Amino acid sequence: MNIRFFILCFFLLSFPGLYAGNGYCFRVYLSDKGETGYTLENPETYLSQEALERRRMRGVDISLSDLPISPAYIDTLVALGGKPIIHSKWFSTVVVATKDSVFADRVQELDIVDSVKWVWKGDPEVPYYGERVSMDRLEPRDIPLKNIYGYAEDQIKMLNGIQLHEAGFQGEGMKVAVLDGGFMNVDRISAFDLLRLIGTHNMVFPDKTVFEGDGHGTKVLACMAANLPGVMVGTAPDASYLLIKSEDGRTEYPIEEDYWAAAVEYADSVGVDVISSSLGYFHFDEEAMNYDPEDLDGKTSFISRAAQMAAEKGILIVISAGNEGNSPWGKITFPSDATDILTVGSITENKEKSTFSSVGFTADYRIKPDVVALGSGCTVIDASGNICYGNGTSFSTPIVAGLSICLWQALPWLTNRELIYLLQQTSSQHKRPDAELGYGIPDMYKAYKEGVKHAKKHP
């Protein structure tokens, strides 16, 4: 990849932590990006060749949103006492940390600033958690079964994914980014020995590995990438994976939307085809920051706008619907309300909606979730390297994402929007979609056959 591109990424993404003592973070919306010397005519200086190739394949033009933010603008914020934490070139925002609560008032007076939003408050000295004391290799205690997929067979068979695999499509050549809270011990677990890892990135703690701190992403990744025949084989074992930590488990503030947006931009910049994320937001530690159900329009929340923008860049975005079905909120969470993405709900082994699975519609009456998969009692691998059973749209999502990866490998001429439409139209209740199951249970092999048939009719 281009050296200048990486220097730019390092400067704009890899800032150190916050000031000592109590502090605040503000999202600064810039009025423009400033002068950098970069133009739409020389994208190879700020985008990787992989990102450019994906845009070419998907018919996506380079746009002003791809241009970097001027370092001079960053310097101006620093001069006023702010410490840059994360940024979004797509939305011309910079999150800055400060101990001064009136920092926002001073920044707002700058000509380069459009508006300022408070996104975090707390003690940055709260210790980082989850450091590992051992690096021993982790072998499962589970007795291997006779079938190749092991304990995960039923959740793949439910979507007719085994036939898609047998047709020769297991994700090879596809690049996938997984956004989560951490991937504890993935580098030590034998079920991931064959993992095709193309990189990692920690948005929250840039100096820490993604392989400690939280094991949620380990379980999520297993649904796609585990490859231990007889114990567990995931839905896309031959795909290549980029693992990104964007969730700060210590608090719940809107800054996590900024981490997520930056993670998506990073994934785009290195040329991934698919992003799978089992994170969702609506409620924060400060009640005044909470979203309302009317905000579920795909346009209001920062994170949903980021998901939509990523879809416009040609990436297939697969998002969990949320686990708020039993809560007063009840609805899908952000960013699952975004348009042009694939939102996944959860069902039981009896193919009924899991009680916890969040429901639609969106505020503007679009069908959500789009599809569903097993999310009650599905097979995962935990941070100890052993099989366990999980509940949540967190796990139905990567099950669908992995098979969608394989389907796109089989039908590479489709755009991300066309792939989503194909999945919707070949799911179990495509004729009568609803707010609980959406278009229903996908039939991945049927989608593959329909895609091939359509290609033959319209070469």
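These are my notebook entries on a few helices, strands and cysteines that I looked up in this predicted model.

**Entry 1: helix 12**

I began with helix 12, which covers residues 444-457. I wanted to know how its length compares with what its residue count predicts. At 1.5 Å a residue, its 14 residues should span 20 Å, and the end C-alpha atoms are 20 Å apart, so the two agree.

Next I looked at how the helix starts. Asp443 caps the N-terminal end of helix 12. One of its side-chain oxygens lies 3.3 Å from the backbone nitrogen of Tyr445.

Then I asked which residues of helix 12 are buried. I found Met444, Ala447, Tyr448 and Gly451. Seen down the helix axis, these buried residues fall within an arc of 100 degrees, so they line one face of the helix. The face turned away from that buried side carries Lys456 and Lys457, both exposed.

What do the buried residues of helix 12 pack against? My list has three helices: helix 6 (161-166), helix 10 (393-410) and helix 11 (416-425).

**Entry 2: a closer look at Ala447**

I picked Ala447 out of helix 12 for a visit of its own. Its relative accessible area is 0%, so Ala447 is buried. Setting aside residues up to four places away in sequence, I noted that Ala447 touches Leu407, Leu411, Leu422, Leu423 and Thr426. I also checked Ala447 against Ser278: the two are 169 residues apart in sequence, and their C-alpha atoms are 24 Å apart in space.

**Entry 3: helix 2**

I moved on to helix 2, residues 49-58, and listed its buried residues. They are Ala51, Leu52, Arg54, Arg55 and Arg58. Down the axis of helix 2, the buried residues fall within an arc of 160 degrees, so here too they line one face of the helix. On the face turned away from the buried side I found Gln49 and Arg56, which are exposed.

The buried residues of helix 2 pack against helix 8 (255-269) and helix 10. I had already met helix 10 as a packing partner of helix 12. Just after helix 2 comes Gly59, and its phi is positive, near 70 degrees.

**Entry 4: a closer look at Arg54**

Arg54 sits in helix 2, and I wondered whether to call this arginine buried or exposed. Its relative accessibility is 2%, and buried means under 20%, so Arg54 counts as buried. Which residues does Arg54 contact, apart from neighbours within four places in sequence? I wrote down Asp268, Gly271, Val272, Asp273, Lys313, Gly314 and Ile315.

**Entry 5: strand 9 and its partners**

I turned to the strands and started with strand 9, residues 240-245. Six of its six residues are buried, so I marked the strand as mostly covered. Ser240, Leu242 and Ile244 point one way, while Tyr241, Leu243 and Lys245 point the other way.

Strand 9 pairs with strand 5 (residues 175-180) in the parallel sense, over six bridges. In that pairing I found Val176 bridged to Tyr241 of strand 9. Strand 9 also pairs with strand 6 (residues 196-202), again parallel and over six bridges. There, Thr200 stands opposite Leu243.

**Entry 6: strand 10 and its partners**

Strand 10 (residues 274-277) is covered on both faces. Val274 and Ser276 are buried on one side, and Ile275 and Ser277 are buried on the other.

I followed its pairings next. Strand 5 turned up again, running parallel to strand 10 and joined to it by four bridges. Val178 has Ser276 of strand 10 as its bridge partner. Strand 10 also pairs with strand 11 (residues 316-320), parallel and over four bridges. In this pairing, Ile275 has Ile317 of strand 11 as its bridge partner.

**Entry 7: the cysteines**

Last, I asked how many disulfides the model holds. With a disulfide taken as a pair of cysteine sulfur atoms within 2.5 Å, the count comes to zero. For Cys378, the nearest cysteine sulfur is that of Cys223, 5.4 Å away, and Cys378 is in no disulfide. Cys406 is in no disulfide either, and its nearest cysteine sulfur, also that of Cys223, is 14 Å away.

I checked how covered these two are. Cys378 has 0% relative accessibility, so it counts as buried. Cys406 is at 0% as well, so it counts as buried too.

Note on methods. Residues are numbered from 1 along each chain as its sequence is written. This is a predicted model: local features need pLDDT of at least 70, side-chain atom pairs count only at pLDDT 80 or more; totals for chains, interfaces and linings use all residues. Side-chain values use heavy atoms; hydrogens and water are left out. Buried means under 20% relative accessible area, exposed over 50%, partly exposed in between (1.4 Å probe, protein chains only). Helices (H or I, at least four residues) and strands (E, at least two) are DSSP runs, numbered from the N terminus. The expected span of a helix is 1.5 Å times one less than its number of residues. The arc is that of the directions from the helix axis to the C-beta atoms. Contact means heavy atoms within 4.5 Å. A polar contact is a pair of N or O atoms within 3.5 Å; within protein, one must be able to donate a hydrogen and the other to accept it, and residues adjacent in sequence count only if both atoms are side-chain atoms. Two strands pair if DSSP finds at least two bridges between them.
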